[in-house]
Amino acid sequence: MSVDFWINVGVLAGIYGIFTLGLQLNAGFTGLLNFGQAGFMAIGAYSIGILVVDHGWSLWLALPAAVLLACLASVVVGISSLRLRSDHFAIATIAFAEIVRYTLQNAAFSGGNQGILGFDDEWRAASGWMLSKLGAFGLGGYTQLPLLLVVWLSFVALLLALQGLQRTGWGRVLRAIREDEDATAALGKNVLSYKLQSLGLAAALAAIAGFFVALNVTYLYPTVFDPTFTFFGYAILVLGGFASYGGVAIGSLVFWALLEGTRLIDASLSAGQQASLRFIIVGLFLLLLSRLRPQGLLGNVNEMKVRP
Amino acid sequence: MSATPTVRASAAEDDASAVRSRLASPSRLTVLVAVMAVVFCLLAALFGLVPTAQATINGFVAGSYTGLGAIGLTLVLGILKLVNFAHGDLLVAGAYFTILFAWLGLPLPLAMLGAMVATAALALVTEKIVWQPLRQAKAGTLQLFLSAIGLGLVIRFSVQFFAGSQVRTLGANVVDSIALGPLRLGTLQAVALLVGLAAMLLVGLALRFTGIGKEMRAFADNRALAEVSGIDTQHVINMTWIVSGFLAGLAGILYATAIGSFNPNFGLTLLLSLFAATVLGGIGNAYGALVGGLVIGLSQEWSTLMFNARWKPAVGFALLILMLLFMPQGIFGRKKRGS
């Protein structure tokens, strides 16, 4: 049980924590069933890859551009489907994520299943510099440690920002929409606009998560952004608890420790079987949690209304 | 809809609206058939008769498994108000049960029949261990959604765990083909087409004339009214799962037969086409799902005349989104009354 293994668990937990913060904002605080989060993550990550590799942008400039593009995509998705009933909206967003995956697999600009390579030189330089500093503490041997630090610093910063936002009037309007959309509209609030903002922020968070996924796997290919990963996010959300940003951090850590921990026990299984087993575990997580403790570990049962 | 509003006695009004709706429904079907015929002629003029006819035959094959798969989805949605995201994985289970039974030594047709029964049993088991307890606990929308997705993951990856993720076939002869003049149709595809169309006809008749078929449609249409008229709720629900699982198994087998090779992931992509057929036909409308399935199948195959065939599933997604946006009540649906 090496330290590198647990550093990797931490990196995944941080990345999916950022990813799930967006779902918490949508499902937990606005009552929006966004099932297309993996699609926004893919758009963010591929925008970075394409801007850097094909257009020679700097990685650090490509990040905000990618966040913007993901927001733009969310506006298109939102304007067209936010007026739908919540179950139809969920289906429309899952279709969106599937369209994104399908396009990435088949279009020429995304490199198809070959993917995109060679966008992370600047990150590797920065990471090397950080490693040399960490070497002073005797930690220079852990190559993923800089990524872990950056991911968790970003996660904590975003978490605090979202908690702050939730305490403002804006955050209260979102919760009012979750509880009773018509009453909120009757108070003169533009419900569609608030929902769009909520979705846009979630897409931005997904794009940031996509940026870190890209740095972590060093190579972009469509299966990393399979629509199924949205439901890893929901498993984390249910585990941590509804309407609790702090719960996302705990949920993500527990989720990835358990999931990656399965790699340590079942040494007798083939790699394919191990991968299948991980997805079965996620499925059982979702089934058991929705049955036994739908509000999650830290959630508040009074805060989990989703409009029919 | 275009009838001029006149004041009548309420009984006469009801009669008239009943007649009107009976008239409206076939006439919309006529319009739909006419539109499809016009599209066919246009395509034939642009791309030649033979390629268009070939695509149309392929479209009927795709339409039969889409339609049969969508019936279960629409019945469960209409009767239980449950968006069953695991339905695509029931189709996957049907295909892989066939492989399992054939591997155990059953001849292929028997293995297929066994697979349909096994998928129906699987669907009933999910009702007993997942859905019935959740209903009793009065679970919310999100709980139901996440349970459906969790169940789908468990089914799909259990299949993958035992069967592997590599591409498989049902082990039948995929090379033989029949020539109908200039058209070519794989023997297996021909069988799939005939079985699919026959099954659609049978299902349609069963829904129309058997007691349980009528009860299911009544339930999907208006649950409260069906309950006060003395229909046994749990019996209808059990039968709905059995029918939905059996047809999902059949659809999965037809898909596997027609496509030839597949892996355990075909469920999710196909699910979106099934949703499209469901929305197209009007949620809860089993006939609508059959017609919707045919429309989706034909549209997807016709699109291959214009675009590369690899974009075929994208046509299903696009139709799904367009339908949700512009006609969420479906082709045959009326605007939702307060329920």
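Colleague: How much of chain B counts as buried?

Modeller: In this predicted model, 47% of the 339 residues of chain B count as buried. For chain A, the figure is 51% of 308 residues.

Colleague: Which elements is each chain built from?

Modeller: Chain B has twelve helices and four strands, while chain A has twelve helices and two strands. Reading chain A from the N terminus, the order is α-α-α-α-β-α-α-α-α-α-β-α-α-α.

Colleague: How compact is chain A for its length?

Modeller: The radius of gyration is the number to look at. For chain A it is 19 Å, and the globule rule gives 19 Å for 308 residues, so chain A is as compact as a globular protein of that length. Along the principal axes, its C-alpha atoms fill a box of roughly 60 × 45 × 40 Å.

Colleague: What share of the contacts joins residues 24 or more positions apart?

Modeller: Take the contacts with a separation of 6 or more. Residues 24 or more positions apart make up 76% of them in chain B and 77% in chain A.

Colleague: Let's turn to helix packing. How should I describe two helices that meet?

Modeller: Two packed helices are described by the angle between their axes and by the distance between those axes. Try helix α2 (residues 37-55) and helix α4 (residues 86-106) of chain A: their axes come within 8 Å and cross at roughly 35 degrees.

Colleague: Which residues in α2(A) and α4(A) meet?

Modeller: From α2(A) come Ala38(A), Gly39(A), Ala42(A), Ile43(A) and Tyr46(A), and they meet Phe96(A), Ala97(A), Val100(A), Arg101(A) and Leu104(A) of α4(A). Sorted by class, this contact has eight nonpolar, one polar and one charged residues.

Colleague: Is there a general idea behind the spacing of such positions?

Modeller: An α-helix has 3.6 residues a turn, so residues three or four places apart point the same way.

Colleague: Which residues touch the most other members of the largest nonpolar core?

Modeller: Ala70(A) and Ala207(A) do, in a core of 211 residues. Setting aside neighbours within four places in sequence, Ala70(A) is in contact with Phe40(A), Ile43(A), Gly44(A), Ala203(A), Ala204(A), Ala206(A) and Ala207(A). Ile43(A) also appears in the meeting of α2(A) with α4(A).

Colleague: Is Ala13(A) buried or exposed?

Modeller: Ala13(A) lies in helix α1 (residues 3-30) of chain A. It is buried, because 27 other C-beta atoms lie within 10 Å and the cut-off for burial is 20 or more. Not counting residues up to four places away in sequence, Ala13(A) touches Ser252(A), Leu253(A) and Trp256(A). By contrast, Ala13(A) and Asp87(A) are 29 Å apart, C-alpha to C-alpha, with their places 74 residues apart in sequence.

Colleague: How do I check a helix length, say for α10(B)?

Modeller: Use the rise of 1.5 Å a residue. Helix α10 (residues 266-281) of chain B has 16 residues and should span 22 Å; its end C-alpha atoms are 23 Å apart, which agrees. Helix α2 (residues 49-80) of chain B, with 32 residues, reaches 44 Å, close to the expected 46 Å.

Colleague: How many residues of these two helices are buried?

Modeller: In α10(B), 15 of the 16 residues are buried; in α2(B), 24 of the 32 are.

Colleague: What follows each of these helices?

Modeller: After α10(B) comes Gly282(B), with a positive phi near 90 degrees. Just after α2(B), Lys81(B) takes a positive phi of about 55 degrees.

Colleague: How should I read a positive phi?

Modeller: Most residues other than glycine have a negative phi. Lys81(B) is not a glycine, yet its phi is positive. It sits in the loop between α2 and α3 (87-103) of chain B and is partly exposed, with 16 other C-beta atoms within 10 Å. Thr218(A), also not a glycine, has a positive phi of about 60 degrees. Its place is the loop between α9 (191-217) and β2 (219-220) of chain A, where Thr218(A) is exposed, with 12 other C-beta atoms within 10 Å.

Colleague: Finally, how many residues does each chain bring to the contact between them?

Modeller: Chain B brings 36 residues and chain A brings 37. On the chain B side, α4 (108-136), α5 (141-163), α10 and α12 (312-326) each supply at least two residues, and α5(B) gives the most, with 15. By class, that side has 25 nonpolar, ten polar and one charged residues.

Methods
Residues numbered from 1 in each chain as written. Chains lettered and ligands numbered in written order. Predicted model: local features only at pLDDT ≥ 70, side-chain atom pairs only at ≥ 80, totals over all residues. Axes fitted to C-alpha atoms, helices over the stretch in contact; angles between N-to-C directions. Contact = placed C-beta atoms within 7 Å. Nonpolar A, V, L, I, M, F, W, Y, C, P; charged D, E, K, R; others polar. Expected span 1.5 Å × (residues − 1). Core = buried A, V, L, I, M, F, W, Y, C linked by C-beta atoms within 7 Å. Rg over C-alpha atoms; globule rule 2.2 N^0.38 Å.
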